[in-house]
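Hi,

Here is the structure I promised to pass on. Have a look, and my notes come after it.

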Amino acid sequence: MDERSIGKSTMRKESWEKVTGTAQYTDDFSKIGLLHVKLAVSPHAHAKIISIDSSEARKIPGVKAVLIGKDHPILTGSPLEDRPPLAIDKVRYYGEPVAIVVAEQEHAAEMAALLIKVDYELLPVLLSPMEAYQPDAPLLHEHLATYKRHEEVYPEPGTNIANRTKIRKGNMEEGWNHSDHIIDVHVTLPQSDHAAIETRCCTAEISPDGKVIISSASQSPYVIRRSISLSFHIPLQKVIVHTPLVGGSFGGKAAIQLEFLAYLASSAVGGKTVKLVNSREQDMISSPVHIGLDAKIRLGCTNEGKLKAAEILYLYDSGAYSDRGAVMSRAGATDCTGPYRIDNVQCDSLCMYTNHPYATSFRGFGHPELTFAMERSMDVLAERLDMDPLELRFINAIGIGDTTPTQTILNRSNLGNLPMCIAKLKSLIHWDNSPRIKHEGHFIKAKGVSCFWKNSSTPTDAGAGAIIMFNPDGSVNLLCGAVEIGQGTRTALTQILSERLSMDDRMIHISMDVNTEVDPQHWKTVASRSTFLVGNAVLAAAEDAIIQLKDIASQVLECSPDELDVGKGRVFFKNGSDIGIEVEKIANGYKFPDGHTIGGQVIGRGSYAMRNLTLLDPETGKGNPGPEWTVGAQAVEVELDTREYTYKIMNAATVIDAGKVINPEFAQSQITGGMSIGLSLASREVFLSNDSGAILNPQLRTYKLIRYGEQPKYFVDFVETPHLEAPYGLRGIGEHGVIGMPAALANSLSTAIGIGLNQLPLTPEVIWRTIHDSF
């Protein structure tokens, strides 16, 4: 084996199954007697439910059950319980489930769902967070004050505000007094879709002994277990959740939605196994989407460009229900200024109810949105100052000894090195060696930049466990709860274990399936935290196993455990590595020649939970929301055709402080994939709706994604400033390639046309209208 496993591009553990087509996903599951579940959904964005007639649906041969919301009047949601699994008294978004049908055949269930007749009374619709924010706006949740709360969430009854997070830092009057220049910027970003290849799906059954067994394409199997237990009063140990490989997610499968419906469907048919698979259309409009934002930014700075004050209003469009939108709005507040030193900050970040589909986690967790707002503002400020926009960012880059908006003091470990990222980006994109704007006939080439940061915003007690079991041949089985959603986490964890045990990573086996009954608990696979949380648990489990190996070996070698070390499949003397014993001879205990046996199977156990985090003060936002901030800088170069305002994205670059790169190819792919998503969001992705809130493009033929042949050249580089609390100094990088891309694209196009583009997506029509509306 090589001397090191960390920093090496090893092959994914699931590669063989994926390339041969034998990999198993949730929808691959089937069994005799399996029943199918289909949804009946609302054709209106806001309406009272007067009556539901399912008589015709029940006549379809093979239909076993039809369920409606009034039969199961419960509320779900986290951190605010505001969403019924099936609409009860009214619908709040187009596509909201109003009934489910269980049938023997999938086509029968679908036909029956179409025959369910619902009588509606239409209500006024709210189609933007700014509209919902107005004092006279219709209320979408009249009983907001009665909803049960989890975590820290601050809804405002009598309004459409599901949560408000306040940041109050410094002295605003002093900040404005020291500002020679003040600019105001208003930006809007729409909701959009996660568009994972695999649509959301799950199965459920209730065994005769009362066990609830769920298989789900999910990032959150342990949250499913807890949610089903709490909502339906089932002992936690009787809820078992399986998650096999997940076919893409980008945050969208962190939400718990179909699992509630599948459980209800199984309970309605005597516990038989049921399967619920979203069609592409329902996956786009009925299940949760990517959050939108309406933001107003006011920045003040000196003549030299030093930022002095920021006043910020973020109105996050969480749609009909709050779900993780409440937490995303809080995350937006904690990092509201972007990665810049600003001593005087006032921010109100609100989670707003609208009559759009409800939102949940999306790659970046509220940060692509706030970064778009801040980075457009930074370019406007640079133009006002007639200053190089990259230089403006460099002189204001947050650093050691500065404080975050939540007043956390920063050091090199918990922050990383943004100035180094900016310097590397400057070289990577030849910022000083070629003009930012280049005219070639009716074509204009232009470059735009952005900087970003992101804290994980995890619960203060988020944690993970790990178990390593030695086999008789010295190989190891690793058990953990991290879900493989394509990011390579489970392979990276074997690299961490391989490094600590100094053993060949090919000797470490890890299954791709997560089973909550046997695998140690993991908070959930989100927030770019899995390798951090589970990695620390793996290291703790390795230490436990090493102690056991040394203890057994010391008895065989007749020495103290302190004299021994472990590596390369052996336990050996530190001062004489040629003397020792093979791990395989002691991995399941050791048998002396006379038959006497010591020890037993070596099983290492480890766990880890977040440390030194605090809740935010509800009035000032003061607190420590996460262990570290990942920082980076990004750039985009475009070629704009001024005849039609079409454009080609030529180049895109990212430099990110990764702490320590565990697997270079994985890291490169993660960042590149994120950049592609960010450019797709920025250039074309949007839900189109009419004045009544009906979505007009609920399929991939009409909902546009960036496609093969439209991709630019990607350039990725890393800075490595270790995070001391993390395994081998790593930092989370799973989401970060997305974050600054929309802003960098908007800044490049704004530079090209000489007019600020503050509305996404940046389609030719939007560019044309912005130009002509400015005259």
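Below is what turned up on cores, cavities and salt bridges.

First, the basis: this is a predicted model, where local features need pLDDT of at least 70, side-chain atom pairs count only at pLDDT 80 or more, and totals for chains, interfaces and linings use all residues. Residues are numbered from 1 along each chain as its sequence is written, and side-chain values use heavy atoms, with hydrogens and water left out.

The largest nonpolar core (buried Ala, Val, Leu, Ile, Met, Phe, Trp, Tyr and Cys joined through side-chain atoms within 4.5 Å) has 104 residues. Tyr 647 is among those with the most contacts inside that core. A second, separate core of 57 residues includes Leu 478 and Val 538. Buried here is under 20% relative accessible area, exposed over 50%, partly exposed in between (1.4 Å probe, protein chains only).

On to salt bridges (a side-chain nitrogen of Lys or Arg within 4 Å of a carboxyl oxygen of Asp or Glu): the whole structure has 39. One of them joins Arg 330 and Glu 151 at 3.8 Å, N to O. Arg 330 lies in helix H9 and Glu 151 in the loop between helix H4 and strand E7, so the pair ties together parts 179 residues apart in sequence. Arg 330 is buried at 10% relative accessibility, while Glu 151 is partly exposed at 37%.

Asp 348 and Arg 168 form another, at 3.0 Å, N to O. This pair links strand E16 to strand E7, 180 residues apart. The helices (H or I, at least four residues) and strands (E, at least two) are DSSP runs, numbered from the N terminus.

Cheers
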